[in-house]
Amino acid sequence: MNNTINKLWPEPKNKLTNIIQIRHRYFGNLYLRQGTCDRNIANEVLRVYAALRFPSSRILDIGAHIGMFSLFAAMEGAKEILAYEPDPSSFALFLLNTKNYPCIRGVNSALTLSQNSQIQLFVGKQDSCRN
């Protein structure tokens, strides 16, 4: 697993740490960061969106985090999902978690109404839910 993660995010200061793989009751195998709210996000997606189905839908996932909503949409019939996640460590896990779903395409970028070509991203130190 470390080789895959290092290829996704090779800069030493940004290596992913505390990565665990779990078997989730709905999503199957997932990669999460231990000590963050990643596991809670998976359960929250199921709780909030449980009644939704996406037969042959096109989905835009803005702020995709580690891919839980994109995975849910794919598993519930979406034919195409375009997901944006600006945080590099969340995006690395997004890629690992969605690699078996060709209908999901991820972009490591933020979306903004700004005319500037670059914006500053602030990321919390420990809790990945405070971006």
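This section describes the fold, the strand pairing, the salt bridges and two local environments of a predicted model.

The protein contains 4 helices and 5 strands, arranged along the sequence in the pattern α-β-β-α-β-α-β-α-β. Of its 131 residues, 38% are buried. The exposed area of the protein amounts to about 8300 Å², of which carbon and sulfur atoms contribute 48%. When contacts between residues at least 6 apart in sequence are considered, 46% are found to link residues at least 24 apart.

Strands S1 (residues 19–24) and S2 (residues 28–33) pair in the antiparallel sense over 6 bridges, and the hairpin that joins S1 to S2 passes through 3 residues. Within this pairing, Ile19 of S1 stands opposite Arg33 in S2.

Arg33 also takes part in the electrostatic pairing of the model, which holds 5 salt bridges. The side chain of Arg33 meets that of Asp38 in a salt bridge with an N to O distance of 2.9 Å. A salt bridge is also formed between Arg33 and Asp87, with the closest N and O atoms 3.9 Å apart. Because Asp87 lies in the loop between S4 and helix H4 (88–98) whereas Arg33 belongs to strand S2, this pair ties together parts that are 54 residues apart in sequence. Arg33 counts as buried because its relative accessibility is 9%, under the 20% cut-off; Asp87, at 4%, likewise counts as buried. Asp38 is buried as well.

A salt bridge within helix H2 is formed by the side chains of Arg47 and Glu44, at 2.6 Å from N to O. Arg47 and Glu44 are 3 residues apart in this helix, so about one helical turn separates them. Arg47 counts as exposed at 58% relative accessibility, while Glu44 counts as partly exposed at 36%. By contrast with this helical pair, Arg33, Asp38 and Asp87 are joined into one network by salt bridges that share partners.

Two further environments were examined. Helix H2 (residues 38–49) includes Tyr49, which is partly exposed with a relative accessible area of 31%. Together with Val48 and Leu52, Tyr49 forms a nonpolar surface patch with about 240 Å² of accessible area. Leu52 is also among the residues in contact with Glu76. Glu76 is placed in the loop between helix H3 (68–75) and strand S4 (80–84) and is buried, its relative accessible area being 18%. Beyond its neighbours within four places in sequence, Glu76 contacts Tyr26, Leu52, Arg53, Phe54 and Pro55.

Conventions. Residues numbered from 1 in each chain as written. Predicted model: local features only at pLDDT ≥ 70, side-chain atom pairs only at ≥ 80, totals over all residues. Heavy atoms only, no water. Helix = DSSP H or I, 4+ residues; strand = E, 2+ residues; numbered from the N terminus. Buried < 20%, exposed > 50% of the residue type's maximum accessible area, 1.4 Å probe, protein only. Contact = heavy atoms within 4.5 Å. Areas by Shrake-Rupley, 256 points an atom, 1.4 Å probe, with all protein chains shown as cover. Patch = residues over 30% accessible without salt bridge, like charges linked within 9 Å, V, L, I, M, F, W, Y side chains within 5 Å. Salt bridge = Lys/Arg side-chain N within 4 Å of Asp/Glu carboxyl O. Pairing = 2+ DSSP bridges.
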